[in-house]
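Trainee: Could we go through this structure together, one question at a time?

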Amino acid sequence: KSILYRLWKGDVSSKMLNPRLQKAMKDYLSTNKHGVRFRGKRNSKLSSEQLFCELKARVNIRTIDGKEAPFSVLGWEKHVPQFSLNKLYPHGFGNCAVVMSAGAILNSSLGDEIDSHDAVLRFNSAPTRGYEKDVGNKTTMRIINSQILTNPNHHFIENSLYKDVILVAWDPAPYSANLNVWYKKPDYNLFTPYVQHRRKNPNQPFYILHPKFIWQLWDIIQENTKEKIQPNPPSSGFIGILIMMSMCSEVHVYEYIPSVRQTDLCHYHELYYDAACTLGAYHPLLYEKLLVQRMNRGFQDDLYRKGKVILPGFRNIVL
Ligand code: C5P
């Protein structure tokens, strides 16, 4: 059976990946670049209901608020937005769309459906212009990794992609989440362009995710997976899904678990082919997807045809 079919059924192991991806996974496990020391138990066999409760109870969006060293010493309380991401929309959003950047969304004609949501989340440099028919044109929030802020090709400060939306940036920190160590040696130095952008656009909500939040999500993925997962942060996609579950009453995720249009085309906006974009190499993407598959409350037919998963917002989960 194909990997796609197995993903739909939630029945994949890393052994089914091609040898190159398996080798990459092993290498990340032995390198353990971020010093992960998992203290929990793997393979807790929670039902989908129990999983929701667990997520609701434990997942708390945390951003850098300038109150902890070294940020406190560096005067970051005046750099970060006055209201934290938690408090920005006290009543939250209604229905939200999370639009993955996968090549599989091409020729989907999902644009109108996506734009009908109260809030739309996109990732990194994924454009809407020229792709409206398939991905829509509304963007409420963008999650960006630290390379977007630092790689000159993205023109972060000038590019209109990063204007008039809520921005949420992140960078892989050590598993210990020691902010001093991270500040001195981020993966890519997002701190300088962050402060620069904040000064230029003081009214635009723009946050940096707290490393503790990112690694808490990683712990949850590992606890619910039998195999040892890559000791690297979850993908932006998974981070985004959990942020929207915290902020929305219902979340519709598009082309995370691939539809019948599954392709090795990495992004809809870029001519680059690599199965790792969909199945994971650095990120524990395969395991993230299996977890989301377990939680899917949508129709099987929507999954096959639209790559659409439906998840309840935390506020609609009764503990
Ligand atoms: O590549 P990038 O991180 O910008 O893409 C945004 C997110 O979309 C990824 O973090 C991943 O979760 C998801 N994605 C995917 N399959 C792809 C490309 C992206 O699931 N082929």
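**Strands and cores**

Trainee: In β2, what is the bridge partner of Val98?

Mentor: Happy to start there! First, this is a predicted model, where local features need pLDDT of at least 70, side-chain atom pairs count only at pLDDT 80 or more, and totals for chains, interfaces and linings use all residues. Residues are numbered from 1 along each chain as its sequence is written, and side-chain values use heavy atoms, leaving out hydrogens and water. Strands are DSSP runs (E, at least two residues), numbered from the N terminus. In β2, Val98 has as its bridge partner Leu121.

Trainee: How many bridges join strand β1 to strand β2?

Mentor: Two strands pair if DSSP finds at least two bridges between them. Strand β1 covers residues 93–99 and β2 residues 119–123, and they run parallel. The number of bridges joining them is 3.

Trainee: Which are the edge strands of the sheet?

Mentor: The open sheet has 7 strands with mixed pairing, in the order β5-β4-β3-β2-β1-β6-β9. An edge strand pairs on one side only. Here these are β5 (206–208) and β9 (308–312).

Trainee: Which helix gives the most to the largest nonpolar core?

Mentor: A nonpolar core is a set of buried Ala, Val, Leu, Ile, Met, Phe, Trp, Tyr and Cys residues joined through side-chain atoms within 4.5 Å; buried means under 20% relative accessible area (1.4 Å probe, protein chains only). Of the 68 residues in the largest core, Ile241, Ile243 and Leu311 touch the most other members. Helices are DSSP runs too (H or I, at least four residues). With 8 residues, the top contributor is helix α11 (residues 236–247).

How values were computed: Buried means under 20% relative accessible area, exposed over 50%, partly exposed in between (1.4 Å probe, protein chains only).
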